[in-house]
Each structure stands twice: as structure tokens, then as C-alpha cells.
Amino acid sequence: MKNPVQYVDQLREILGFDLANIPRVTGSYRTIEHDVVQLIYHRTGRDRPVSGSAFALRFHDVVDFARGEVRFRTRDHLCQAFKIDPSADLILSGVDHDERIEPWWTLQDRRSNVLRQLRDLDIQLVTAPNFSLVLDKPRTDDLHAMKRIAIVWSEFEKHGIACALHVNSRTLKDFERWADFVRSRSEVGIIAYEFITGAGKKARRKFHIDGLRKIAQTADRPLDIIVRGDPDVIAHLQPDFRKVIYIDTMAYMKTIKRQRAKRSGNTKLEWVATQTKIPSEVDDMLRHNLSEQNLFLRGRFYDHDMASV
């Protein structure tokens, strides 16, 4: 215990590390139809809204933590700001660097007001912020982060916003605690995970996949999962989850870097450096890259025919 005062403060603000006292909620999640969802970072350099049935946005891009309110008064304003199809389903991803998600926790009581505003934006799904578990901190910091994830998950659900519980784990015991929690809470219909940082490393990837599969196997009901990072994990998770939803960032990032998708045969994509001179050319490249990346991922992991379109 490096800091007894901090330890006491942590315990007080979350009412102990035990997950059992998380308030019960009704459960707002209903299985969504999408398998691959493209993340849109911003509108910069584009003229036209990009079409699509579903898009993901970063949580901190939608919520102004400093002011304690959402950045957009209406759903139309939000869609115009990101230049996305206003009829598309929207998912907010809580996976981000600490400095972009920790402010959500520090809003404290003001979170309720933001949650009401988010509900009015008709967001289909939010993934709970992935408060970090780190190696070089006291173990109680991990337990504190896990409890905060569960608390904010319940707050989203309490306000009628479907939320994926981000089961952030570093040890086998962490996965066991989440499995017990999910099994005892029928209102948990979907969990979230990221394979970008620690879990994305090859040496640790199987450990995390096995932990997630265990949660699904012991849930005693169908469970969905939404993931970011390494798409190769999709195939490993599909046998145990009812649905594996993948948030892709590749197509948008390649467009930002002015790289255009080019098929290599019918099963691979290459990215070719391309110059653009006017915004409409960026619009066209984004539409093309999103389409090709969707087809590639669905062909590789979801038994769709990549060559058919």
C-alpha cells in the first residue's frame, strides 16, 4: 500500500471493491444487426455525408467534459458535425487513452445530466469507458478501476442507454470476477473489450480471449461482444458469443493518410498512396475505403462473399 489516504478515498467513492452492490437495472440492450461498424474520427477535409447503416464515434468527441454536457444539441447536429448518414445507427466507443476518458468519472453527479442529453441523441449503444488496469500500480488501483467501469455501465443503463460492459482484466481472477458478475446480472446483454494495447500483444492475446470465452460460457444465456483492435480475435470469439461486433478504424485512418484500398485477388487489400486536391476526392476515397474494408472483414470473418460486390 503506497498511499493509505488514496486507498481510503478510493474505497469511499465506490462503496468498496465488491461488485455485488452495483445497482440492478432493467437492461436496455437488444441485439443489433451490424457486424462491422466503421469508426469516424471527424469531418475534416470532406464535403458530403458518408452513407452507411451504422457508425461508431469516440465518446470524448461527443461529450464536452469541461462543460459537462454533450457537444451537439440534436442528433442532426451531431451527424452534420461528423458528416455521416443521419439515418445510421450510432455507437459510442469508450475505448481511449486515460486522459480522454478519466474526465467522465470526475464529472461525478453531473454525469446524470449528460446521460439525459445522450439519451435524447438516440444513441444505439455505448461501450463503457475502459478505465485502465496497470502493472506498476497497487493492485487496489485495478479493483478501483473495475468497480468504476461497473458503476458507469449501470448509470448508462439506468438512463435507458444500452451499454456494453467493458470487462477490463489483467489477471485470471479479474476474469472470474466479471464472469460471476455477468452470470448474476441478466441485464448484461453485451460486453466490450479492446485488443489494442496489452491484450493486443501476441504473447497475451490468447489469455484474454480465453478469459472472455469463459465469461460467455458461464453466462447461462446468449451474450454479445463488441471489440476494437486486432480483428483476428473475431474468429476465436465467435464460437462462444451470439454475436461479435467489430469496430474498425483502419478505413478512416487510411483515408486520412490518403491511402486507397486496392484488392489483391479477392481476399486481400493493399493500401496505395494517392493524392487528393479537392474535398470531393476525399469523399470518394472514404466511401470506397469503407466499402472495401467492410467487404474484406466480412469476407474473412463473417462468411460474406467479398467478390460478389
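This note comments on the cavity, the two largest pockets and two helix pairs of a predicted model.

1. Enclosed space. The count of cavities of 30 Å³ or more comes to one. The volume of the largest cavity is about 30 Å³. Its lining consists of Ser93, Val95, Thr127, Ala192, Tyr193, Ile226, Val227, Arg228 and Ile247. Sorted by class, the lining of the largest cavity holds six nonpolar residues, two polar and one charged.

2. Origin of the cavity lining. Two strands each contribute at least two residues to the lining of the largest cavity, namely strand 8 (190-195) and strand 9 (224-229). Strand 9 gives the most, with three residues.

3. Largest pocket. The largest pocket has a volume of about 990 Å³. Its lining comprises 38 residues, and those nearest the centre of the pocket are Glu194, Ile196, Thr197, Gly198 and Ala199. Two or more lining residues come from each of helix 4 (98-106), strand 8, helix 8 (202-217), strand 9, strand 10 (243-248), strand 12 (268-273) and helix 11 (279-301). Which element gives the most to this lining? Helix 11 does, with five residues. The lining of the largest pocket divides by class into 16 nonpolar, 11 polar and 11 charged residues.

4. Strands 8 and 9 in both linings. Strand 8 and strand 9 each supply at least two residues of the lining of the largest cavity. Strand 8 and strand 9 also appear among the elements that give two or more residues to the lining of the largest pocket. A reader inspecting either site will therefore meet these strands.

5. Second largest pocket. For the second largest pocket the volume is about 430 Å³. This pocket is lined by 19 residues, with Pro23, Arg111, Ile151, Ser154 and Glu155 nearest its centre. Helix 1 (4-14), helix 5 (111-120) and helix 6 (139-158) each provide at least two residues of its lining. Helix 6 gives the most, with five residues. By class, the lining of the second largest pocket has eight nonpolar, five polar and six charged residues.

6. Helix 4 against helix 6. The axes of helix 4 and helix 6 are 11 Å apart, and the two helices pack at an angle of about 70°. As angles of 65 to 115 degrees count as roughly perpendicular, helix 4 and helix 6 are therefore roughly perpendicular to each other. Helix 4 passes helix 6 in a left-handed crossing. On the helix 4 side the contact is made by Glu102, Trp104 and Trp105, and on the helix 6 side by Arg148, Ile151, Val152 and Phe156. This contact has five nonpolar, no polar and two charged residues. Ile151 thus belongs to the contact with helix 4, and Ile151 is also one of the residues nearest the centre of the second largest pocket.

7. Helix 7 against helix 8. Helix 7 (residues 172-184) and helix 8 have axes that come within 9 Å and cross at roughly 20°. Since angles under 35 degrees count as roughly parallel, this makes helix 7 roughly parallel to helix 8. The crossing of helix 7 past helix 8 is right-handed. Leu172, Phe175, Trp178, Ala179 and Val182 of helix 7 meet Phe207, His208, Gly211, Leu212 and Ile215 of helix 8. By class, this contact has eight nonpolar, two polar and no charged residues.

Definitions and conventions. Residues numbered from 1 in each chain as written. Predicted model: local features only at pLDDT ≥ 70, side-chain atom pairs only at ≥ 80, totals over all residues. Heavy atoms only, no water. 1 Å grid on protein atoms, 1.4 Å probe; cavity = no way out; pocket = protein on both sides within 12 Å on 5 of 7 lines; lining within 4 Å. Points joined across faces, edges and corners; volume = space filled by probe spheres on them. Helix = DSSP H or I, 4+ residues; strand = E, 2+ residues; numbered from the N terminus. Nonpolar A, V, L, I, M, F, W, Y, C, P; charged D, E, K, R; others polar. Axes fitted to C-alpha atoms, helices over the stretch in contact; angles between N-to-C directions. Parallel < 35°, antiparallel > 145°, perpendicular 65-115°, else oblique. Left-handed = near helix turned anticlockwise from the far one by under 90°. Contact = heavy atoms within 4.5 Å.
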